[in-house]
Amino acid sequence: MKVTENSTYRLMQTNLDRITNDLLDLRQQGSTGLKLNKPSDDPGAIRPVLTTRTQLQQNERYLETMGQSGDKMAATDGHLAQVENVLVRVKEIAINSVNASLSDTDRESLANEIAELKKELLDTANAVVDGKYIFAGYREDTKPFTENPAYDPDLYDVSDVSTWPYIYNGDSNPSKLEITPGEFLEATLTGNEVFLGITNEIAAEGNANPYQGESISSSNIGVGTPGNDITITPAGGAPITISGTTDLTDPVGENNYAAKVAALFSQAGTDLTASASSAEQDLGALSLTGFDEAAGDTYTINITSGGSTISATLDGPTNNRDYSLEGLSYALANTVPAPTNITATGGTLDNGVSYDISSGSLVLTGPEDGSEIELSETIVGGGTGGITGGNQTVYGTVAIAPNTETDVDIAGAGLADLGLTANTLDGSSGRVDLFTVLTRTEEAIRAGNYDDATGAGGSVQAQIKNLEVAANQNRTQRSSMGARAQRVETASLHQQDAQVDLKQILSRYQDADMIKVYNDIVQKESAFQAALNVTSRVSQISILDYF
């Protein structure tokens, strides 16, 4: 094979280019410390490198978030410690005030100190960390606690938060922190839990009965069966009997049996509170057949509640009152007095009963006070059918819960008539509103009321007990926050360990062996110089050298 000078030059140029490119890659590895600078360097390593980098970014986000939350938790613990100090000092003052030798001036001085401590408690409740209120739930930009301008000591009601001395403007949603993929931890405490003693679940439902215990609700109740009684027994108390013969009755003229039942469960000595709610009944698809409009056949439904009866008559399609749910809806919408909230499929009758046919059935809902719905039908002519169940009375429902810390046992055959089963209901939470306790302690001391539970401030003695409850409540919240902070710290250490592992994995794929790189650079530079020398010598060859 004949080798020309052009072939020789091309071969030498190719070798020089190859060595130059190799040197360029090695020098880039030496300057960056990475052997993977572009996808073509190692195509098989691209996917694991990108995956590991993504995991590292997530890991760093978790660590940053946990660091911020850890700082916030530490600050929260400091504020809870201050709450503890305030409560301890107020209790000392309250105990010192129970002294007959104190003058009015002395009591005034003690009460004034509590007033200042109450301001200190308010400052703590409105604490700010990093420009955000830490006890406001999601409403971090809203001051959580303000004085209630409508507060009147004579109208104070423990079951009605609107009568309490301070108003909570935050919400019931603690901030949550994702510490590992899919695992969330509550990183803050809400003001309603810490200072008002109201659980987030109850606060989310509107703070009704803020300290109530375990509750049960009935389905539509029924009248009692003679001999089937109900026995209510508070723990450590005397049993109270509700008679199925004389109590669980619905005499003619009484229109709210559910409210009557609620009152029986709420009577003195039961340690229960009960309320009545709307009756509701699905009456089916109104199956009517065999009606002859020309013969004068009609169907009439009478709906009675609260002593008021509303009647709707179907007499055929000529008057848009055909024998169907749609015809009945039209007839009800045109009753007198006129209904309210009318839609194509429902409305509210003048007696407070709402109707709806959107589900393909006639659904009736009684007034909110629990008044029953009495139903009757009248058929004229040869038609048949009507509502499911025919003539009937639909009673409301009742909800029952303890209103003290005492557990209450409910038993007896009469429960079945009310859609209930035997149960032991846990007592109320035993929590208190810290601001109310301080406020009423101050009021009791100013009035010199030491032991009259019905007097100003509910008595100093009672508030001393409440101060201990408040302190325990604060300690419980502080303990809970401490446990969460420990979990965050543990999770942070775990993420730091994971970060080390991920960096090792990433290093294996993309980091260069610098000693090897520098040795390779020296070898390549030597090879490059040798190639240049050979090239320069070859390039000096001339045809004249052969003459």
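## Burial of Tyr168

Is Tyr168 buried or exposed? Tyr168 is buried, because its relative accessible area is 17% and the cut-off for burial is under 20%. The model is predicted.

## Aromatic pairs

Across the whole structure, a search turns up eight aromatic pairs. One of them joins Phe145 and Tyr168. Their ring centres lie 5.1 Å apart. The planes meet at 40°, and the pair is tilted.

This contact links distant parts of the chain. Phe145 sits in strand S3, residues 145-147. Tyr168 belongs to strand S4, residues 166-168. The two residues are 23 apart in the chain.

## Phe145 and its second partner

Phe145 is buried too, with 1% relative accessibility. Its ring also pairs with that of Phe435. Here the centres are 5.2 Å apart. The planes stand at 45°, so this pair is tilted. An angle of 45° is neither under 30 degrees, as stacked would need, nor over 60, as edge-to-face would need.

The Phe145–Phe435 pair again links distant parts of the chain. Phe145 is in strand S3, while Phe435 is in helix H8, residues 434-447. They are 290 residues apart. Phe435 has a relative accessible area of 0%, so Phe435 counts as buried.

## The cluster

Ring pairs tie several residues into a cluster. Its members are Phe135, Phe145, Tyr166, Tyr168, Phe195 and Phe435.

Key. Residues numbered from 1 in each chain as written. Predicted model: local features only at pLDDT ≥ 70, side-chain atom pairs only at ≥ 80, totals over all residues. Heavy atoms only, no water. Phe/Tyr/Trp six-rings, centres within 6.5 Å; stacked < 30°, edge-to-face > 60°. Helix = DSSP H or I, 4+ residues; strand = E, 2+ residues; numbered from the N terminus. Buried < 20%, exposed > 50% of the residue type's maximum accessible area, 1.4 Å probe, protein only.
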